[in-house]
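Me: I would like to go through this structure by asking short questions. Please give the reasoning before each result.

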Amino acid sequence: MAMKRTKGVQEARQELPALVEAAHRGSGTIITKHGRPYAAIVPINEAMTRPRGVTVAQLRGTGKKIWKRDAAEEVSRMRDEWR
């Protein structure tokens, strides 16, 4: 994808049709608010193929052998520390 340009919220609001057209052609835009990145207008293929976070189901079994004993027992022990 082409390099992303930066626009403030007000400027982006005024130029929205052009920014959408630029995204359609492959050029993204970062929208800033008070100088900080706030949102982005990106080409649809970038938005649709962007990796999403992992689901809880994908994490199943990844913590095996981390705990010295049963995980439920360890969590109970840690919870009891706060009582």
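Me: Leaving aside neighbours within four places in sequence, with which residues is Ile41 in contact?
Reply: This is a predicted model, so the contacts are those of the model. Neighbours of Ile41 within four places in sequence are left aside. What remains for Ile41 is Leu16, Leu19, Ala23, Gly28, Thr29 and Ile31.

Me: Which residues make up the largest nonpolar core?
Reply: Among the contacts of Ile41 are Leu19, Ala23 and Ile31. These residues and Ile41 belong to the largest nonpolar core, which has 5 residues in all. The full list is Ala12, Leu19, Ala23, Ile31 and Ile41.

Me: Which residues of helix H2 are buried?
Reply: Helix H2 covers residues 16-24. A residue counts as buried under 20% relative accessible area. In H2, the buried residues are Leu19, Ala22 and Ala23.

Me: Within what arc do the buried residues of H2 fall, seen down the axis?
Reply: An α-helix has 3.6 residues a turn, so residues three or four places apart point the same way. The buried residues of H2 line one face of the helix, because seen down its axis they fall within an arc of 100 degrees.

Me: Which exposed residues does the face of H2 turned away from its buried side carry?
Reply: The buried side of H2 has Leu19, Ala22 and Ala23. On the face turned away from that side, the exposed residues are Pro17 and His24.

Me: What is the relative accessibility of Ala22, and is Ala22 buried or exposed?
Reply: Ala22 is found in helix H2. Apart from neighbours within four places in sequence, Ala22 is in contact with Arg5 and Ser27. The cut-off for buried is under 20%. Ala22 counts as buried, at 3%.

Me: How many Å apart in space are Ala22 and Ile41, C-alpha to C-alpha?
Reply: In sequence, Ala22 and Ile41 are 19 residues apart. In space, the C-alpha to C-alpha distance between Ala22 and Ile41 is 9.1 Å.

Me: Over how many bridges do E2 and E3 pair?
Reply: Strand E2 covers 27-33 and strand E3 covers 36-41. They form a hairpin with 2 residues between them. Within this pairing, Ile30 stands opposite Ala40 in E3. The sense is antiparallel, and the number of bridges is 5.

Me: What is the phi of His34?
Reply: His34 is found in the loop between E2 and E3, and is exposed with a relative accessible area of 78%. Most residues other than glycine have a negative phi. His34 is a residue other than glycine, yet its phi is positive, near 55 degrees.

Me: Which residue follows H2 and has a positive phi?
Reply: The phi in question is near 110 degrees. The residue with this value after H2 is Gly26.

Me: How many residues apart in sequence are the parts that Lys4 and Glu46 tie together?
Reply: Side chains of opposite charge can pair when their charged atoms come close. The side chains of Lys4 and Glu46 meet in a salt bridge, with N to O at 3.2 Å. Lys4 lies in strand E1 (residues 2-8) and Glu46 in helix H3, so the parts tied together are 42 residues apart.

Me: Is Glu46 buried or exposed?
Reply: Helix H3 (residues 44-49) holds Glu46. Its partner Lys4 is partly exposed, with a relative accessible area of 31%. Buried means under 20%. At 16% relative accessibility, Glu46 counts as buried.

Me: Which residue forms a salt bridge with Lys7, the closest N and O atoms being 3.3 Å apart?
Reply: Lys7 lies in strand E1 and is buried, at 14% relative accessible area. Not counting residues up to four places away in sequence, Lys7 touches several residues, including Ala12, Glu15 and Leu19. The salt bridge at 3.3 Å is with a residue that is partly exposed, at 34%. That residue is Glu11.

Me: Which residues do salt bridges that share partners join into one network?
Reply: The structure holds 4 salt bridges. One of them is between the side chains of Glu21 and Arg25, at 3.9 Å from N to O. The network formed through shared partners consists of Lys7, Glu11 and Glu15.

Definitions and conventions:
Residues numbered from 1 in each chain as written. Predicted model: local features only at pLDDT ≥ 70, side-chain atom pairs only at ≥ 80, totals over all residues. Heavy atoms only, no water. Buried < 20%, exposed > 50% of the residue type's maximum accessible area, 1.4 Å probe, protein only. Helix = DSSP H or I, 4+ residues; strand = E, 2+ residues; numbered from the N terminus. Arc of directions from axis to C-beta. Contact = heavy atoms within 4.5 Å. Pairing = 2+ DSSP bridges. Core = buried A, V, L, I, M, F, W, Y, C linked by side-chain atoms within 4.5 Å.
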